[in-house]
Structures are given as structure tokens and as C-alpha cells.
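Please walk me through this structure, one part at a time. I have not looked at it before, so a friendly tour would help.

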Number of protein chains: 2
Amino acid sequence: MSRRVLGNVSISILEKGGVYIHIQLQQKIAYYKQLNKRISHLDEAARLLNWDLSTGAPPKAIGVRSEVISTLSSEQYKLSTSDEMGDILFELSKPDNMKHLNFILKRSLEEDNKNYLRLMSISPESYRDYINIRTQAQSVWKNAKFKKDFSLLKPYLKKIVEFKRQVVKTSGYKGHPYNFLLDEYEPGMTVEKLDKIFYSLKENIMGILDNVKISEYPTKAKNSIFTQEFDVTKQENVILKLLNNMGFCMSKGRLDHSPHPFALRLNSGDVRLTINKFHPLKFKGALFAALHEGGHGLYNQNIGRELENTPLFVGASHGVHESQSRFWENIVGRSLDFWYYFKQELSNDFPSQMKGISPEEIYLDVNKLDNSKIRTSSDELSYNLHIIVRYELEKSLIAGELEVDDLPKAWSEKTKEYLGFLPKDDGEGILQDIHWAKGYFGYFPTYALGNIYAAQLTEKVKIDIPDISSKIRKGEFTHITNWMIDNIYTYGKLLPPGELIKEVTGEEVNVKAFTNYLANKYSEIF
Amino acid sequence: MSRRVLGNVSISILEKGGVYIHIQLQQKIAYYKQLNKRISHLDEAARLLNWDLSTGAPPKAIGVRSEVISTLSSEQYKLSTSDEMGDILFELSKPDNMKHLNFILKRSLEEDNKNYLRLMSISPESYRDYINIRTQAQSVWKNAKFKKDFSLLKPYLKKIVEFKRQVVKTSGYKGHPYNFLLDEYEPGMTVEKLDKIFYSLKENIMGILDNVKISEYPTKAKNSIFTQEFDVTKQENVILKLLNNMGFCMSKGRLDHSPHPFALRLNSGDVRLTINKFHPLKFKGALFAALHEGGHGLYNQNIGRELENTPLFVGASHGVHESQSRFWENIVGRSLDFWYYFKQELSNDFPSQMKGISPEEIYLDVNKLDNSKIRTSSDELSYNLHIIVRYELEKSLIAGELEVDDLPKAWSEKTKEYLGFLPKDDGEGILQDIHWAKGYFGYFPTYALGNIYAAQLTEKVKIDIPDISSKIRKGEFTHITNWMIDNIYTYGKLLPPGELIKEVTGEEVNVKAFTNYLANKYSEIF
């Protein structure tokens, strides 16, 4: 794959088209680009408003501000489904026009056509009803989680699942009905492929878990390192320096605080990260959140500017995006190499807390197997089993093989089977994630795919940067980040994730690299 | 004036209309309200984006973000000039419909009709050209000011003035052509009225200045109070406490920092103030900026919610808005009563800085006559002369009696005549304000009108709250703020400023109160 693919469209047209066609087509292209620009501008505005609500808006701003965001989304929806959009997509997609377009424009059209058909297959009324239910469901979820009572959420979730089933039915799909939802987050991924991938992943992880006894975790792993107090101003300095070192550019970004960490792409010069408010006793959480969101942030800051204002100015997929956050959080951030570098860094700012502690001890501490009941705080092994539980339930729900009424029972059974425990209540079971209340069906699998992609990419990085280990030990991340820019970030959504991974690593998506990585890590530890 | 005017529209319609008309008209009204809501939502989004650019957006966000703001404005423009808007305005404005509408709806229609005609009288192309020139002119102004060279700005200013003259010509106007521009900022104000007001103001101020000799300013006025260092964290605490005391509600607002202080209304639950970054040596500036913007903020936080999403959800005029900032900054903040309270406040946080300093000394310090060459830093007397210089020049420019080429000479002559000095270069003369580069012709007079209104309102406040002086000495501001809410804020733009002032004070707009206030203050000081 060569960067030339991102050349300017007008050059390719001047090269290929006659004068008459050129001018007419140029006008159509300009019109199409203008429409996309308006859509992308409305989207950026809505995103900034959401960021503001999450980070610092006054409490009483929320009522009207939510309506403003909904107005912006609705203007965006109107434009995306407008006759103008339909007509220009139809016009440019004609083979006679298509053949003059460069790759960026072709892919943009493909994406926009897909999106247009998706949106047009739902009536504006039922879409609006769905958005309403979803909005209500999210606050109901909060309350239900607090009360540990799934029955509160059930009526809302039923409607959401019903809507999803309906969408799948009217939209048409190939193979399993769930494919349609998967494809939204992970284009090209199917149940047929994913069943194999996850089966293999599950077998391997269970094999590793069989070989380790959590109770025999090396006694060197001290619980006490990150239970010490860390000054919050120094935490901030350390984390800003780390992000800078990773290549996250503060003249194109910010770091703020929000109840749930996230990374947000606004435009090529504005990518924002958030982590929880600093707290003296929560340094470890802040650090790994910064590594995680920093990975997303690097991706967002380095998508080719040629893609700006097109539907391709995003990551290749949720899975590929997650591969970047997981790469920094786990593959780098939970490696012994990293702690050789970072323990030294921390010793400068926190000499007393780091006194007498070795990189190996921290390495053990941040890789503890705890078989957590909660997905978000679980270790690198069981995390994926949490995902597979959710994937299998979603699949059955969408196919109509499982009903929302039977979901808690199915949840418990699967959890028992894969993770070996029964949730003691709905709060630590089926209500632990907000995703379903948000209508995010098809999303969970991308977290595990992120782990898988990250490991596949890492194997290639190690070939291209043979001294990566010693570089990480010195905190030299430039080569790594540049490798990701050149191989992944630049291309945005130009290629489907499967093709991108194949193009870069030479292999289909598969779990070998990831399970090797896990087996090596835990055999080293035990 | 009674608050009942803000009752719910549907009640008044149910009372007055027959069933058939009621339903039809209700639908039209709902449609009209929906249009206004969309416009107001787009406006709020654009405002928040601008706030973000001024307060904390990464430097490289600006390029695309400016385009996003311009897209939002253009969507707003399209809606405001759409056939839908034109048709519904025409429809509802029919006498048969109008008679069923309540006062809020009638006034909304009036405002929207006015705005619609204003926008329709300009072709979209020439409006776009104007916006472009204006955007360029602002950055040219910065450079020209830095180089102290008006000739750089001249070609841009010529185009702006030409556009304004054209707008005035095609829009039609009564009396003086400048009336049309004045009316945009100060509805109902005319050159015919303002000439009289400003003539009287000028005569009075010059009379006061004749009686005082700046060189004989009381020697008690120490320059040294605010040249001490004030800890920035304590500055922030003191200022937040003061704003809270004034009645500015932080659950409906924020205080941030920006290069130029401003107050921003986003919605009824979100009003934001900014002042310069705190600096140990710039406490006085921060304090008076907070009082000033706090005054705007109180107005913005207390406009009747019944007016939300209508064109009336703003201040009555720029002048009335400014009356509130001036009231808090000058009439309260530069009073001896205030310093009896606030010196005590400051003594808690800054005991060493306040040691041995009396309220009287601070009072003299913050009321020094310095005959500054710069409008924004001039005292309460000469400030208004700066405004009158600009007003007279603008008037002549718009009438075609003065050309941009001759502006610097005219500026110098007027400044010499009214203020007694010649600017030593363009930087401290004609380039000191950005307003003209922004196309703000008709704006300057509202600053002086703000002073005049503030003094008229104060006379009425003193009647209604006889012990106001002792209340201020104790820092009890609740009665004052409530008075402003009940008499001014609630009504938003329901009444034109002249009528509002008359309604509240019983008098036409006149300079008596303001010149009495000035004469008393400076006779007390000298």
C-alpha cells in the first residue's frame, strides 16, 4: 500500500478525463464534497457539545443542551437522507462517472451509499422513537444498576432489541442476522468468521488458565505499590510527559477530566482525551486510562488530512481503533520493558513511593490475575471471556433464539461456564455495562478483536523495529508511533479492517499472535 | 408592567379563539416555534464553539473549527431566510391571526419580521463577501495595530463602510441614514435623539472637568495598593465569592479565562463569564472585569424562561445590557460603600496587602482621573467623550460626509477638541478598538447609553431600596439583584429600551441622573 493513494482528486481527474466531462464532473464532485463537509461540520459541533457536557458544563445546562445536540443530529440526519444526497450519490456512482474518480472518492461514495441505505431503511418516525427509548434507557440503566434490579431496564431493552431485529430484517443481511449489526462496527466481519476466531481464542485462554493457579500468583507481586498516595499535580505532570513521549501533540489536543474516560476526534487539529479526576489513591487507574485513551488519541491525531470532511476520516473500525488503545495500555504499558523505563521516570517525581521497588515487582502488580467479576477491571486473560459471553448472548437475541426475559438466566449460565463464577446480583452481572441500554449491539466483539489485532500488529512491529524492546526500556516511542502512522493511522477508513490487517501483517485476522503473547506473558510470570 | 404578560400562550389562545381557529392556529404557532427553536439551537452551538476557541481549544483546532462555526451560521441564515420562515411570518402576521396571539408571540413576530427583512434586503453573495472581508479585516487590524499603521486596514475598512452604506440605502431608513445601524443595537434610538443626549452629556462632563484639576488629585490616592502582589488562588476565591454574593449562580454558569473578557449566554442554565488569566500584579483588572462581566452574567441568567427559543431571549438592547455591567463595575464597584464592605473581605485573604489601608484610600485609587488615551482604560468622565468622538465619526462616515481616507485626520481633530490631546500614533488613536474592523457601526454609542441608563435605574433603586447604601456596606446584594430581575432581566427584549427605561423609572432617557452622579462623585473627591 502506498501513500500515493491519498493524492489530490483533481490531479487524477485531469489525467483521466476529457475537458467537457472534467468540468461537469468536477462540479458534481465539488457539490458532493460540500454536502459531506456540512455533515461533518454538524457532527463536529455535536461532538464538542457532548465533550463540554462531559467535562465542565454547568449542571443546569444539560436540559437545553441535550436538545441542541439532538437538533444538530437531526439536521445531520436530514442532510444525510436528503434528496440532494440521494441524487448526487446515484449520479456519481454511475460507472461512467465512477471510473474517473480516485480511490478516496470511490471509498467515500461506498461509505455514503451504505450509510444512506441504512438510514433510508428506517422511517424517520421509528428512528425518532428509538432515539427516545434509548435516551430514557440510559438513565433507567443508571437507576437499575444502582438498585441491582434488571427488571427496571427490561421493558426498555425489549423495545431496543425489537427495533434492532426490525432494522436487521428490513435492511437485508447475508448469513446470520447479527452480521448486519457487526458490520456497523467492524465492516466485513461476520458471525461465520467470528465464531471461529472466538472459539479458538476461548480454547487457548482456557488452556492458559488451566496451567496457572491464581492462588499461586508469585508472592513478589506486592499489592502495596499503587495503594500509596501520589500527589495529584505530580500525577498530571507525569502523565502529560508520558503522552507527549508517546507522540500525542498538545497543540492538537487536550487532556481533561470526566466520569468515564474517552478520546474524541473533533478535527485534524483537535483531539481530546479525558480521564477521571486525579486522586492521590488512584494513580494506577489514571495512568492506564491515559495510556489507553492516548492510543486512541494518536490514531485520531494522525488520520490523513486528505480524508478530512469525508466519511473516511475515522478509524478503520472500532476493532482497529481499540487495537491502538490496547497496544499502549497492555502490550506496552503492561510490559516489563516499559516498567524499566517508567519506574525510573516515577522515581524522579515520587522518590519515596518508588524506593526499593523493582520494575519486576511493578510488572507483577500490573499483571495480576484476579478473575474480576467486572469486565472493565478484569485481567488480559479473562477480559476476552467476558466479551465472548456478551457476543454469544447478543447473537442469540438478534436471531430471536433468546428473549430479553430469559437474558439474566442465560447471562449467569454463560458466565459460570466461561468465567467460573455466578454474579451475586444484577449489578455485578447483566447490568454492569451501559452498552445495551445505548443500543450498542455488535460493539462488544470489537474489544476482543482490538486485542487480537494489536498482537498481530506487534509481531510485525517487532520485525520492522528489531530493537523495540531496548527502545521501550529507554522510553523512546517515536519509531513505534511513526510505524503506526505509516501503516495504520494515515489511511483512516480507506480499507476494511480485515484487508488493512492483511495488507500490513501479511496474514488474515487470527488469534495466534495474541494467544502466543498471552501464553508467553503468563508462563514468564508463573 | 406586570409579569402576567409572560403567561403561557396556549392559555390566551384558548381564552380568545374558537375551537376551529384555535387548532389551526395552534399548529401554525407550533410550527413557527419549532423553526425558532432550530435557529436558536444552531445559535447556541455556534456560541459554545466560539467560547471554546476563546478559552481552551488547542491552537491547531482553529482552522477547521472556524469553518464549522461558519457552517452553523450559514445553516442559521438559511433557516432565517427560508421560504418556510417567510411564509409562516406572513401567515401569522395577518391581523385575523395576530389578534389571537399573546404579547410574547406578537413581539417575537415583530422581531423576526424585522430580522427577516434585514436579511432579505442583502443578497446572499454580497453578505458572504462582507463576512469574508470582515474576517480578514480582523486579522489585518491586529497586524495594523501592532505596526501602528492605519493604512494597512484602510482598504478593508473602505469596503466595510461601503457595504454598510449600501445596506442602509437598500433597507430604507427614517431620518438620518445612521439610524438604521443604531437601531440594530439600540432599537428605537435615533440620531435625532442621540445628538441631544450626547450634546448635553458632553457639556456636563466638560463642565465637571473644568472644575477639577487632574494634577490636584487628592494626595491620599495611593498608587501602591494594587501594585502589590496578590496570590492568584486567593484572587480566584475572592472573585468567585463576590460573584456568588452578587447572585451569579454557578450551577447555571462558569468562570473561565480568555485574552478579552466577555459574558456569554448559551441557554437559561448556562451563562459563562471570562476574565484574563489571574496574575499576581493584575488583581485590580481581574476584579473590575469580574464585576463588569458579572453584571452581564446576572442579566443573562435571569431572562424569563418563557422567552427561551424566541428572538426575545436576549437583553432589551446593547445599551440596557451595558447598564448592568456598568452598574456593578462603576456605580457599585467604584463606590465608597462597596469598599467599606470589600476592603474587609480582602483583609481576610490579603491581610498584609490591606494593612493600614482605609476604604477611602481605595475609593480614591479606583476613581483616579487619568485622561487615558485609550477608551477601555479611561475614567468615568472621559470614557463618554471617547464614545462621542466615535459616534460623530461613524455618523459622518455612514452619511457619506466623511471618507475613510480622511478618518485619521478627523479622529485627531475630534480627540483634540473633546479630550484635549493628540494621539501620538495610529495604535493609540484610530486603531485602538477592533469594532470597525468587525463591522460594528452603531455599537459604540450603546456604551455611553449604558452609563446613562445605569444612573437612571440607580435613582429608582434608591427610592425602592432606601437603605441600599448600608446594604452595600454589608455586601448584601440580594435586594439589588432581585430588583433588577423584577424590573429589567425577566423581560428580555419584550420592550424597546426607551420604553423599558420609561416604564421602570417613569422618565424618558436623559443624562440628568448620570451627570448628577458624576458631579457628586467628583465634588466629593476633590
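B:Lys148 sits in the loop between α7 (124-147) and α8 (150-171) of chain B; helices (H or I, at least four residues) and strands (E, at least two) are DSSP runs, numbered from the N terminus. B:Lys148 is not a glycine, yet its phi is positive, at about 55°. In chain A, another residue invites the same kind of look: A:Asn309 has phi near 65°, a positive value in a residue other than glycine. A:Asn309 lies in the loop between α12 and α13 (318-332) of chain A.

A word on how to read all this. The model is predicted, so to speak of local features pLDDT of at least 70 is needed, and side-chain atom pairs count only at pLDDT 80 or more, while totals for chains, interfaces and linings use all residues. Residues are numbered from 1 along each chain as its sequence is written, chains are lettered from A and ligands numbered from 1 in the order in which they are written, and side-chain values use heavy atoms, with hydrogens and water left out.

Now let us turn to the sheet in chain B. Three strands form an open sheet there, in the order β1-β3-β2, with mixed pairing; two strands pair if DSSP finds at least two bridges between them. β1 (253-257) and β2 (262-267) of chain B are the edge strands, each with a single partner strand, so one side of each has no neighbour in the sheet. On average, neighbouring strands of this sheet are turned by 20° against each other, direction ignored. β1(B) and β3 (residues 270-275) of chain B run parallel and are joined by five bridges. One place to find this on the model is B:Asp256, whose bridge partner in β3(B) is B:Thr274. Helix α12 (residues 283-301) of chain B packs on the sheet and touches β1, β2 and β3 of chain B, where contact means heavy atoms within 4.5 Å. The direction of α12 of chain B makes about 165° with that of β3(B); axes are lines fitted to C-alpha atoms, for helices over the stretch in contact, and angles run from 0 to 180 degrees between N-to-C directions.

Chain A has an open sheet of three strands too, in the order β1-β3-β2, with mixed pairing. Here β1 and β2 of chain A stand at the edges with a single partner strand each, so one side of each is left without a neighbour in the sheet. β2(A) and β3(A) pair in the antiparallel sense over five bridges. Look for A:Phe262, which stands opposite A:Thr274 in β3(A). Helix α12 (residues 283-301) of chain A packs on this sheet, touching β1, β2 and β3 of chain A.

Finally, where do the chains meet? The contact takes 36 residues from chain A and 36 residues from chain B. About 2,900 Å² is buried between chain A and chain B, and carbon and sulfur atoms give 56% of that area; buried area is the accessible area (1.4 Å probe) that two parts lose on being put together, summed over both. In chain A, the residues that lose the most area to chain B are A:His41, A:Pro58 and A:Val64, together 17% of what that side buries. Ten salt bridges are found across this interface, each being a side-chain nitrogen of Lys or Arg within 4 Å of a carboxyl oxygen of Asp or Glu. The side chains of A:Lys37 and B:Glu67 meet in a salt bridge, at 3.0 Å from N to O.
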